[in-house]
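Please open the model in your viewer and keep the selection panel at hand. The tour proceeds from an open space to enclosed ones, with a pair of helices in between.

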Amino acid sequence: MSGSALYETFARAPLAFERGEGSWLVTEKGERYLDFAAGIAVNSLGHGHPHLVAALKDQAEKLWHVSNLYEIPGQRRLGERLVEATFADKVFFTNSGAEALECAIKTARRYQFVTGHPERFRVITFEGAFHGRTLATIAAGGQYKYLEGFGPKVDGFDQVPFDDIDAAEKAITPETAAILLEPLQGEGGIRSFPLQSLKRLRQLCDKHGLLLIFDEVQCGIGRTGKLFAHEWAGVTPDLMAIAKGIGGGFPMGACLATDEAARGMTAGVHGTTFGGNPLAMAVGNAVLDVVLEEGFLEDVNRKALLFKQGLAAVADEFPDVIEGIRGDGLMLGIKCVMPNGTVNGALRDQHLLAVPAGDNVIRLLPPLTVTDADIQEGLKRLRSAAKGLSEAVAAAAK
Ligand SMILES: Cc1ncc(COP(=O)(O)O)c(C=O)c1O
């Protein structure tokens, strides 16, 4: 037996943080780390944002929880605001990204069921996808490492190579209900679908009577410089799963749908105990107050450009460490030459937190509220890490 009472499912770094301030995390010993992981795109407004703290405190003093058997005014308000800001007409609140995806998949199947196509239940997904860790979402993600040992893969998911739209078309059968994708893959290694591919997928879905589902759990809520990443392509989905950034650190998610797509989701067919709870709704509304403020997203775009240019300069200086920079907005990836775990360790030694991803990439996901000075500090630390790694490579070659 190991010394911990916890499941050994996480490869945890030996670090425990006591508090956070903006883009910074502080350990129990008072050591400061620049947090460009942001809880894997969760802490959209950084740590301890005064507006979020006030909203949560205020709600905590009034009411923590009531069941969805009753009206929840904060839920109604957040739903209306999400509808107002997006393609959607309807919202279902969840506690996590995976649950938002479950709701989207169920909604798509129900839509086909109630519109006379009960045989249509399959969903086409793309290699490199990550949609969560429930039994259905590991099947949707299709990655063997997450499926192994958990019994038969949940039926109903067909995977095609990343961004292979011809293969997606070929994979459509009379049983297909929907196509599901992250417009910008996170766990898969910061890989974006070209805008043209998103347009083609929309056309494919329209032609074959399928629903288009976007998973914006990681790339949504301002991450790419628009409220949602798909806005860059000018296409809209029928369903969208969101989570992470909308809660700013409070666990919550949502499934957004058009009226048409939500046709089958009638009283009693789906439910949740905690989803849309007053505490989560207070924080979600407070996050939107900030992200929808005039000029907020423009500033994200400005900072993203600054950051990406700085990253490209470091990549040019150390081509033996960094192969290239990818991604959009403040969802950026460093494609590494050496194993990404080594690079991530070197960044951590510089007290810069980042997140490894697939395709040998390190993700940089600073809070959207990151300051210019924090960006410069992050670039300085990245350069020091890259310099150390480059020197080590040169020494080993001698
Ligand atoms: C794109 C995407 N979808 C779904 C999920 C699952 O979200 P959760 O861990 O909140 O269930 C994640 C989590 O990393 C994600 O990045």
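A pocket, as the term is used here, is an open set of grid points with protein on both sides within 12 Å along at least five of seven lines, and its lining residues have an atom within 4 Å of a point. The model on display is predicted.

**Stop 1: the second largest pocket**

Select Gln75, Lys90, Val91, Phe92 and Phe93; of the 28 residues lining the second largest pocket, these lie nearest its centre. The volume of this pocket is about 890 Å³. Next, colour helix H3 (73–85), strand S4 (90–94), helix H4 (97–114) and strand S12 (253–257), each of which supplies at least two residues of the lining. H3 gives the largest share, five residues. Colouring the lining by class will show 13 nonpolar, 10 polar and five charged residues.

**Stop 2: H3 against H9**

Keep H3 selected and add helix H9 (residues 278–291); the two axes come within 9 Å of each other and cross at roughly 35 degrees. The crossing is left-handed. To display the contact, select Gly74, Gln75, Arg77, Leu78, Arg81 and Leu82 on the H3 side, and Met281, Gly284, Asn285, Leu288 and Asp289 on the H9 side. The residues of this contact comprise four nonpolar, four polar and three charged. Gln75 thus links the two stops: this residue is among those nearest the centre of the pocket, and it also takes part in the contact with H9.

**Stop 3: the largest cavity**

Turn now to the enclosed spaces. The structure holds two cavities of 30 Å³ or more. For the largest, select Leu135, Ile138, Ala139, Leu147, Phe150, Gly151, Pro152, Lys153 and Val154, which form its lining. About 40 Å³ of space lies within. Helix H5 (residues 135–141) contributes the largest share of this lining, three residues. By class, the lining has seven nonpolar residues, one polar and one charged.

**Stop 4: the second largest cavity**

Which residues line the second largest cavity? Select Ala129, Phe130, His131, Gly132, Thr137, Ile138, Gly141, Gly142, Gln143 and Tyr146 to display them. The space in this cavity is about 30 Å³. H5 again provides the largest share of the lining, three residues. Here the classes are four nonpolar, six polar and no charged residues. Finish by centring the view on Ile138, which lines the largest cavity and also the second largest cavity.

Terms used. Residues are numbered from 1 along each chain as its sequence is written. This is a predicted model: local features need pLDDT of at least 70, side-chain atom pairs count only at pLDDT 80 or more; totals for chains, interfaces and linings use all residues. Side-chain values use heavy atoms; hydrogens and water are left out. On a 1 Å grid over the protein atoms alone, a cavity is a set of points where a 1.4 Å probe fits but cannot get out, and a pocket is an open set with protein on both sides within 12 Å along at least five of seven lines; lining residues have an atom within 4 Å of a point. Grid points are joined across faces, edges and corners, and a volume is the space filled by probe spheres set on the points. Helices (H or I, at least four residues) and strands (E, at least two) are DSSP runs, numbered from the N terminus. Ala, Val, Leu, Ile, Met, Phe, Trp, Tyr, Cys and Pro count as nonpolar, Asp, Glu, Lys and Arg as charged, and the others, Gly among them, as polar. Axes are lines fitted to C-alpha atoms, for helices over the stretch in contact, and angles run from 0 to 180 degrees between N-to-C directions. A crossing is left-handed if the near helix is turned anticlockwise from the far one by less than a right angle, and right-handed if clockwise. Contact means heavy atoms within 4.5 Å.
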